[in-house]
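Subject: Handing over the model

Hi there,

Here is the structure I promised to pass on to you. Have a look at it first, and then read on for my notes.

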Amino acid sequence: MAGSGKAHLRNADEVLLRVENLVKEFPAGGGKVVHAVSDVSFDVAEGETLGLVGESGCGKSTTAKAVIQLPPPTSGSVVFDGTDLTDLSAEELRQQRPQFQMIFQDPISSLNPRRRVRDIVSEGLEIWGGSGGGAFTEGRVDEIIEAVGLDPQEARKRRPHEYSGGQCQRISVARALVLDPKVIICDEPVSALDVSVQAQILNMLEDMKDRYGLTLLFISHDLSVVKNVSDRVAVMYLGKICEIGDGDEIFKNPVHPYTRILLSAVPDPANPFAGESETLDGELPSPINPPAGCRFHTRCAYAQDICRSEEPQTEQEGDGDHWVACHFPVRNDAPAAD
Ligand code: SF4
């Protein structure tokens, strides 16, 4: 899908994070290579939430981890606040670590069960140091625990297993916030939670974003979740971005066949694509041997000969912030399958 077309990137001085031509490959044994992330480019402005959405195995989590150099990408650049993280030494990168924090899918297993919650939250300050000494640390930890909706006094006595799943995710958020990061990567942060709790956690994340001036990279397989939290959205398929741009525009006017299929599964009365008959047939192809041309052609109802041989470049759709990598974006005059 998206080749080296990067017209969708904004000027470097307009964005906090600019990722260009990111590639992440892993050896698969027998001389084979897993092409987990292939030539991905996107940017995120300060205070913005970019939703990264796609099926399990599409490379969205690997992309996010490569952005924060855990592990570093195979190639490509990740410019954060004017510095290319891929050029930094191990020590220089270590100095940058507090700026990037992650929240994981399973809050309970990501918290040390033997430690009291307040100690878990303050752990980062113990490792990285608080600039204001002990008083700063005490005040900062209590403030953050309270901000995420938990009681600082109880947090001094209790361990993670004494909290619910939703409360444990609040602890994870507090642990991330205590270092005053600029960017938080939320990797499926509500997927393991009851639906009734998901909205509370998403609202809390929004509040924290406003209160602490955060920039979020929000990863989810669930477009209905991404829709509610994202300013911009990037849809990934088999290691590539196939559609990217303003969230409202993409939800109103998706033109990539894959995005339309994902949207048809979002049960929202305000979603005009809900229940559309288009479905996703077949399995996600192996990233060890991705299809030639457009990677989606093996499952696309609109595929033509050119799709099987030529990779579509990322082109602007309309005149706004909407970009798509498809030879035949689905509009009213979309070609029928041959
Ligand atoms: Fe890919 Fe062609 Fe389908 Fe577009 S129409 S998604 S280029 S296979």
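Below are the things I found while going through the structure, grouped by topic. Please keep in mind that this is a predicted model.

Let me start with the ligand. Which cavity does it take up? The space it fills is the largest cavity. Around the ligand there are 13 residues, and those that come nearest are Cys294, Cys300, Cys307, Cys326 and His327. Sorted by class, the shell has 10 nonpolar and three polar residues, while charged residues number none. If you plan to look at this site in your viewer, those four cysteines and the histidine are the names to select.

Next, the aromatic rings. The count comes to four aromatic pairs. One of them joins Tyr237 and Tyr258, with 4.8 Å from centre to centre and 65° between the planes. That angle makes the pair edge-to-face, because planes over 60 degrees apart are put in that group. Which parts of the chain does this pair tie together? Tyr237 belongs to strand E9 (residues 232–237) and Tyr258 to helix H10 (residues 257–264), so the contact links parts that are 21 residues apart in sequence. Both Tyr237 and Tyr258 are buried. The two tyrosines also have company: ring pairs join Tyr237, Tyr258 and Phe296 into a cluster.

Two rings have a charged group over them. Arg158 lies over the face of Tyr163, 5.3 Å from the ring centre. In the other case, the charged end of Lys227 sits over the ring of Phe251, at 5.7 Å from its centre.

Now for some contacts between parts of the backbone. Met208 is a residue of helix H7 (residues 195–212), and Ala147 is one of helix H4 (residues 133–147). How far apart are their C-alpha atoms? The separation of Met208 and Ala147 is 7.7 Å, although their positions lie 61 residues apart along the chain. Is Met208 buried or exposed? Its relative accessibility is 4%, so Met208 counts as buried. Ala147 has 15% relative accessibility and therefore counts as buried too, the cut-off being under 20%. Ala147 also has a second partner, Ala174: this pair is 27 residues apart in sequence, and the C-alpha atoms are 8.1 Å apart in space.

Finally, a few backbone details that you may want to check before setting anything up. The peptide bond from Leu70 to Pro71 is cis, with omega near 0°. Pro71 is in the loop between helix H1 (60–67) and strand E4 (75–80). Gln69 is placed in that loop between H1 and E4 as well, and Gln69 has a positive phi of about 65° although it is not a glycine. With a relative accessible area of 5%, Gln69 is buried.

Asp81 is another residue that is not a glycine but has a positive phi, here about 50°. Where does Asp81 lie? Its place is the loop between E4 and strand E5 (83–84). Is Asp81 buried or partly exposed? The relative accessible area of Asp81 is 46%, so it counts as partly exposed.

That is what I have for now. Happy to talk it through whenever it suits you.

Best wishes

Conventions:
Residues are numbered from 1 along each chain as its sequence is written. This is a predicted model: local features need pLDDT of at least 70, side-chain atom pairs count only at pLDDT 80 or more; totals for chains, interfaces and linings use all residues. Side-chain values use heavy atoms; hydrogens and water are left out. A residue is near a molecule or strand if one of its heavy atoms lies within 4 Å of it. On a 1 Å grid over the protein atoms alone, a cavity is a set of points where a 1.4 Å probe fits but cannot get out, and a pocket is an open set with protein on both sides within 12 Å along at least five of seven lines; lining residues have an atom within 4 Å of a point. A molecule sits in a cavity or pocket if more than half of its atoms lie within 2 Å of its grid points. Ala, Val, Leu, Ile, Met, Phe, Trp, Tyr, Cys and Pro count as nonpolar, Asp, Glu, Lys and Arg as charged, and the others, Gly among them, as polar. Rings of Phe, Tyr and Trp (its six-membered ring) pair if their centres lie within 6.5 Å; planes under 30 degrees apart count as stacked, over 60 as edge-to-face and the rest as tilted. Helices (H or I, at least four residues) and strands (E, at least two) are DSSP runs, numbered from the N terminus. Buried means under 20% relative accessible area, exposed over 50%, partly exposed in between (1.4 Å probe, protein chains only). A charge sits over a ring if NZ of Lys or CZ of Arg is within 6 Å of the ring centre and within 35 degrees of the ring normal.
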